Amino acid sequence: MRAAEAPRAFVARRSSRAPRAPRAPSSESARSSLAARLEPLDWDALERSLWERGWAKTERPVLTPDECAELVALYADDARFRSRVDMERFRFGVGEYKYFADPLPPLVQDLREGAYPRLAAVANAWAKALGERRRFPPTLRVFQAACRKAGQAKPTPLLLRYEIGGYNCLHQDLYGEIAFPLQLTCVLSRRGADYTGGDFLLVEQRPRQQSRGEAIALEQGEIIIFTVRERPVKGARGYYRAAMRHGVSRLLSGTRTSLGVIFHDAR
Ligand SMILES: [Fe+2]
């Protein structure tokens, strides 16, 4: 299990830079179209895949190359982040990640808010299958209020960066008592052009069985949704829990930047 927070949070510097010149296409127009792009995804297929495998990948990129480049460009701007983690220092792998500060970049906020209701429906069906009484509220806003009440108020969306030789050990992203059971990742770099290697890894551990792993190659802008901690698996006598962990295989060349969207906030 991954220790949630960077012990050495750095203070976000509010810079005195001149305002950014507008980019084309503007993030505002991209923003308004993001909800419209999430809606027509084949959610039936995504849900089926989540039930069958504990993960699901969009059939096409959701973020445009321009949006991906915009997010990659944010990485250098420390004022946008609340903390940075050198993964090697904590033996999490080799690479670095940074948690966004509030307010989140509009694209990240919209993605988080837009994907949540669909995933909450799956989360609730999973809870029911596993005989749990808890249910997740239908909107991110209400869910975040519950997180805050439990002392989890720091935003968890993050950018991760790996250079050649970098990797991410198998882990689970848990940040406190409250955990939403699904999260998503979007690779912002171009596989084969910006980097090679660096597949997304998922390992499932069913009780009394050997672990099963999958390596998933993600194209720029595609989104993978996956289990945070455990998922229901149908057995002979109803559903049981299978634990899942995720990571990233070693980068063979280049630089890979990705966006991680976790729905529960951190202590
Ligand atoms: Fe993670």
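Start by selecting helix α5 together with α4 (106-129): α4 is among the elements that cover the buried residues of α5. Helices here are DSSP runs of H or I with at least four residues, strands are runs of E with at least two, and both are numbered from the N terminus. What you have open is a predicted model, in which local features need pLDDT of at least 70 and side-chain atom pairs count only at pLDDT 80 or more, while totals for chains, interfaces and linings use all residues. Residues are numbered from 1 along each chain as its sequence is written.

**Stop 1: helix α5**

Colour residues 140-149 and pick out L140, F143, Q144 and C147, the buried residues of α5. They span an arc of only 100 degrees around the axis, so they sit on the same side of the helix; the arc is taken from the directions that run from the helix axis to the C-beta atoms. A residue is called buried if 20 or more other C-beta atoms lie within 10 Å of its own, exposed if 12 or fewer, and partly exposed in between, with C-beta atoms placed from the backbone. As background, an α-helix has 3.6 residues a turn, so residues three or four places apart point the same way.

Now turn to the other side of α5, where R141, V142, A145 and K149 are exposed. Why does A145 count as exposed? Because it has 11 C-beta neighbours inside 10 Å. While A145 is selected, add D265: the two are 120 residues apart in sequence, yet 9.9 Å apart in space, C-alpha to C-alpha. Just after the helix, stop at G151, which has a positive phi of about 85 degrees.

**Stop 2: the nonpolar core**

Next, select L119, A123, L182 and I225. In the largest nonpolar core, which has 55 residues, these four touch the most other members. Such a core is a set of buried Ala, Val, Leu, Ile, Met, Phe, Trp, Tyr and Cys residues joined through C-beta atoms within 7 Å. Which element gives the most to this core? That is α4, with 10 residues.

Zoom in on A123. Beyond its neighbours within four places in sequence, A123 is in contact with F136, F180, P181 and L182. Contact means that the C-beta atoms of two residues, placed from the backbone, lie within 7 Å.

**Stop 3: strand β11 and its partners**

Select residues 223-227, strand β11, where four of the five residues are buried. Two strands are said to pair if DSSP finds at least two bridges between them. β11 has an antiparallel pairing with β7 (residues 182-187) over five bridges, and in it C186 is the bridge partner of I223. Then add β1 (residues 55-57), which is joined to β11 by three bridges, again antiparallel; here K57 is matched with I224.

**Stop 4: helix α3**

Move to residues 65-74 and highlight E67, C68, L71 and L74, the buried residues of α3. Look down the axis of α3: these residues fall within an arc of 115 degrees, so they line one face of the helix.

**Stop 5: the β9-β10 hairpin**

Select β9 (residues 200-205) and β10 (residues 212-216), an antiparallel pair with five bridges. One bridge to find is that between L202 and E214. Six residues lie between the two strands of this hairpin. In that loop is R208, which has a positive phi of about 60 degrees although it is not a glycine. R208 counts as exposed because it has 5 C-beta neighbours inside 10 Å.

**Stop 6: backbone details**

Most residues other than glycine have a negative phi, and most peptide bonds are trans. Against that background, visit R91, in the loop between β2 (81-86) and β3 (93-94). Its phi is positive, near 60 degrees. For a cis peptide bond, go to D102 and P103, where omega is about -5 degrees; P103 belongs to the loop between β4 (96-100) and α4.

**Last view: the whole chain**

Zoom out to see a protein chain with five helices and 14 strands. Buried residues are 34% of its 267 residues.

Finally, colour by pLDDT, the predictor's confidence in each residue, from 0 to 100. The chain mean is 91, and 88% of the residues reach 70 or more. Residues 6-26 stay under 50. Where pLDDT is low, the predicted coordinates should not be read in detail.
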